[in-house]
Amino acid sequence: MRKSLKHLSVSLAALALAASASAQAQTKPEDLIKYRQSGYSFMAWNMGKIKAQVVEGTAPYNKDQVAAAANLIAATANSGMGALYAPGTDKGKGWKETRVKSDFFKEQDEVGKIAVNFVQQANKLQQVAVSGDQAAIKTQFGEVGKACKACHDKYRLEE
């Protein structure tokens, strides 16, 4: 079952990438970089809301806000952002200089594994957030963070 889900996730990612190829051809690399920077920034803002409410306790817990933030994170993870890593987007500027390492474009099998794990962890966070169980949300939030960090550590340049 797990292998089937992984195969399905990889197949869906490949389909999304293929479907967006013609749109990419018409989009300038700097715009693709802007789109992905914007998506990650919006996702980080929502991660921050969950962190403040559930992990740190610096903001009052609001189940609906946490669930909405988790929904956004899962939606972004499932949106096919991999299509924004088209040839020519390894260097250049969107809102700021891209920090993606060139290895990202050379190690597609490894990138795919990391991406599939991120999507799975984001989807699980979405499911757990709806439950309102703050301990479970905190634990799963950590798993999403680890999935993000796996890519950052390997494929993102320091600022």
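Which backbone nitrogen lies 3.4 Å from a polar atom of the side chain of T98? In this predicted model, the partner is the backbone nitrogen of V100. T98 itself sits in the loop between α3 and α4 (103-106). With a relative accessible area of 12%, T98 falls under the 20% limit and therefore counts as buried. Leaving aside residues up to four places away in sequence, T98 touches I33, R36, Q37, T89, D90, K91 and G92.

V100, the partner of T98 in this polar contact, also belongs to a nonpolar core of six residues that includes F104, I114 and Y155. This core is separate from the largest one, which holds 19 residues. Within the largest core, the residues that touch the most other members are I50, V66, I73, F118, L125 and I137. At least two residues of this core come from each of α2 (29-56), α3 (63-77), α5 (108-131) and α6 (134-155). The largest share, six residues, is supplied by α5. In soluble globular proteins, nonpolar side chains tend to be buried together.

V66 illustrates the contacts made in this region. Not counting residues up to four places away in sequence, V66 touches I50, Q53, V54, Y61, A129 and I137. Two of these contacts, I50 and I137, are themselves listed with V66 among the residues of the largest core that touch the most other members.

The helix α3 was examined further. It has 15 residues, which at 1.5 Å a residue should span 21 Å, and its end C-alpha atoms are 21 Å apart, so the expected and computed values agree. At the start of α3, a side-chain oxygen of N62 comes to within 3.0 Å of the backbone nitrogen of D64. The buried residues of α3 are V66, A67, A69, A70, L72, I73, A74, T76 and A77. Among the elements that cover these buried residues are α2, α5 and α6.

Cysteines were considered last. A search of the whole structure finds zero disulfides. The cysteine sulfur closest to that of C148 is in C151, at 8.6 Å; a disulfide requires sulfur atoms within 2.5 Å, so this pair is too far apart for a bond. For C151, likewise in no disulfide, the nearest cysteine sulfur is that of C148. C148 has a relative accessibility of 22% and therefore counts as partly exposed. C151, at 25% relative accessibility, also counts as partly exposed.

Technical notes: Residues are numbered from 1 along each chain as its sequence is written. This is a predicted model: local features need pLDDT of at least 70, side-chain atom pairs count only at pLDDT 80 or more; totals for chains, interfaces and linings use all residues. Side-chain values use heavy atoms; hydrogens and water are left out. A nonpolar core is a set of buried Ala, Val, Leu, Ile, Met, Phe, Trp, Tyr and Cys residues joined through side-chain atoms within 4.5 Å. Buried means under 20% relative accessible area, exposed over 50%, partly exposed in between (1.4 Å probe, protein chains only). Helices (H or I, at least four residues) and strands (E, at least two) are DSSP runs, numbered from the N terminus. Contact means heavy atoms within 4.5 Å. The expected span of a helix is 1.5 Å times one less than its number of residues. A polar contact is a pair of N or O atoms within 3.5 Å; within protein, one must be able to donate a hydrogen and the other to accept it, and residues adjacent in sequence count only if both atoms are side-chain atoms.
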